[in-house]
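Subject: Structure for your review

Dear colleague,

Please find below the structure that I am handing over to you, together with its sequence. My notes on what was found in it follow.

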Amino acid sequence: MHARKNIIATLAGRKTLRVAGLMSGTSADGIDVAIADITARKATVLAFDTFAYPPAVRKAIFRLFQPAVSQVDEICHMNFVLGELFADAVITLANRSGLGLSSIDLIGSHGQTIYHIPTGRRMSGPLSRRVRSTFQIAEPSVIAERTGITTVADFRPRDIAAGGLGAPLVPFADYFLFRHARKGRAIQNIGGIANVTYLPPGGGIESVLAFDTGPGNMIIDRVTCLATGGKMNFDVQGKLSRRGKVVAPLLARLMRHAFLRRKPPKTTGREDFGTQFTDKLYARAMAQGLAPLDVLATVTAFTAASITQAYRRYLGGTVDEVILCGGGEWNKTLVEMITQQLAPARVCLMSELGIDGDAKEALSFAILARQTILGLANNVPSATGADHAAVCGKIIPGRIR
């Protein structure tokens, strides 16, 4: 206990912390690693890279997403496998960038979500109320042991315990990085799932509104795979969808999805828009004689329309700038749709503001980890629905240096 206190007290006493943030999103493409110097007012990314999962690992992760086929021994095993891979990713980037592992003070790891039940479930017996739950893997004890660096992980459970949905958590980092005295800004992440953080001009953190808008790349990626017979896993720059035509009746049916009508705070994932949903959608479209690229164009339009509809229904304030990040920012067809639908707001890439959009989510968990180690709240109750602000994340002490 004495050694643990010394490690945490030492970190908490530093004005600048060098933190490595780790993230693997709903698309499970790989591990994003960002190394940044973070102070109370600023975060500067020093190095970033994505480490793709080996095909066998990615296939195994996708099995874990499916309750019908996932097994408890696989979950147990993959938790430690991903812990090793997350640790290797930090070590590799630190060495490759010339920063050195010993220069890193702290690691913040979101891990890989394999299941998320934000609406909760009931159990018979004495605990009759609905219980919300979430589960991320990539064992942080392995990360801390392999790197020797104090690691903060499992951010979502504390927010859920405090009455929240456990997501979205990045709004704290959005506020830290992008709040503006005069401009209303929407930070639009388009990963597997799309989520927005709205920052009213000059507002405090209690004014932040954030929620999942619906599908991001998840359905687009799966339809791309199906339409190309497995030759492509994503629509590079939106070139395939540009060749198709939006099928209005199919788009209208998709826009009636129940999640889109739900008021914030709200969060979603593969449980709503994953492989099962998309395969059924695609099979029905093929049975109706639709062209594969028309289906792809339509689901791309679905992502754009669900984002813009969410703005009009739920933001309730001026949006001067829309700042895009995540893999979807590279889909030119999708970005053009969003830009047209949100005019006259300025739509720009996060890189135009000096931050690599691909690094944004990993950087976010570096920022959250710093808050945790300082004992400061890092959720946003107005975004997650939590009853109060809380210090999210479990701390695994590193080795004494």
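Arg-121 is a convenient place to begin: this residue is found in strand β4, which covers residues 106–121. Please keep in mind throughout that the model is a predicted one. Apart from its neighbours within four places in sequence, Arg-121 is in contact with Tyr-115, Arg-129, Arg-130 and Val-131. Between Arg-121 and Leu-290 there are 38 Å in space, C-alpha to C-alpha, and the two are 169 residues apart in sequence.

Helix α12

The next element to look at is helix α12, made up of the 13 residues 275–287. Does its length agree with what one should expect? To put the matter as an open question: what span should 13 residues have at 1.5 Å a residue? The expected span is 18 Å, and the end C-alpha atoms of α12 are 18 Å apart, so the two values agree.

Which residues of α12 are buried? They are Thr-278, Leu-281, Tyr-282 and Ala-285. Viewed down the helix axis, these buried residues fall within an arc of 95 degrees, and therefore they line one face of α12. Gln-276, Lys-280 and Ala-287, on the other side of the helix, are exposed. The cover over the buried residues of α12 includes α7 (218–227), α9 (248–254), α11 (270–273) and α13 (292–315). Just after α12 comes Gly-289, which takes a positive phi of about 85 degrees.

Aromatic rings and charges

The count of aromatic pairs in the model comes to 6. One of them joins Phe-211 and Tyr-314 in an edge-to-face arrangement, with 5.9 Å from centre to centre and 90 degrees between the planes. Because Phe-211 lies in strand β9 (residues 209–215) and Tyr-314 in helix α13, this pair ties together parts that are 103 residues apart in sequence. Phe-211 counts as buried, at 0% relative accessibility, and Tyr-314 is also buried, with a relative accessible area of 16%.

Another pair is formed by Phe-273 and Phe-277: their ring centres are 5.6 Å apart and their planes stand at 80 degrees, so this pair is edge-to-face. Are these two rings buried or partly exposed? Phe-273 is buried, with a relative accessible area of 0%, whereas Phe-277 is partly exposed, with 23%. Both residues belong to one aromatic cluster, formed by Phe-259, Phe-273, Phe-277 and Phe-302.

Phe-259 also has a charged partner: Lys-266 lies over the face of its ring, at 4.4 Å from the ring centre. In a further case, the charged end of Arg-179 sits over the ring of Tyr-175, 4.7 Å from its centre.

Nonpolar cores

The largest nonpolar core holds 45 residues, of which Val-299, Phe-302, Tyr-311 and Val-322 touch the most other members. Helix α13 gives the most to this core, with 12 residues. What is Phe-302 in contact with, leaving aside its neighbours within four places in sequence? Its contacts are Pro-215, Ile-219, Leu-251, Leu-254, Met-255, Leu-260 and Phe-273. There is also a second, separate core of 43 residues, and among them are Cys-348, Met-350, Ala-366 and Ile-373.

Yours sincerely

Terms used
Residues numbered from 1 in each chain as written. Predicted model: local features only at pLDDT ≥ 70, side-chain atom pairs only at ≥ 80, totals over all residues. Heavy atoms only, no water. Helix = DSSP H or I, 4+ residues; strand = E, 2+ residues; numbered from the N terminus. Contact = heavy atoms within 4.5 Å. Expected span 1.5 Å × (residues − 1). Buried < 20%, exposed > 50% of the residue type's maximum accessible area, 1.4 Å probe, protein only. Arc of directions from axis to C-beta. Phe/Tyr/Trp six-rings, centres within 6.5 Å; stacked < 30°, edge-to-face > 60°. Lys NZ or Arg CZ within 6 Å of the ring centre and 35° of its normal. Core = buried A, V, L, I, M, F, W, Y, C linked by side-chain atoms within 4.5 Å.
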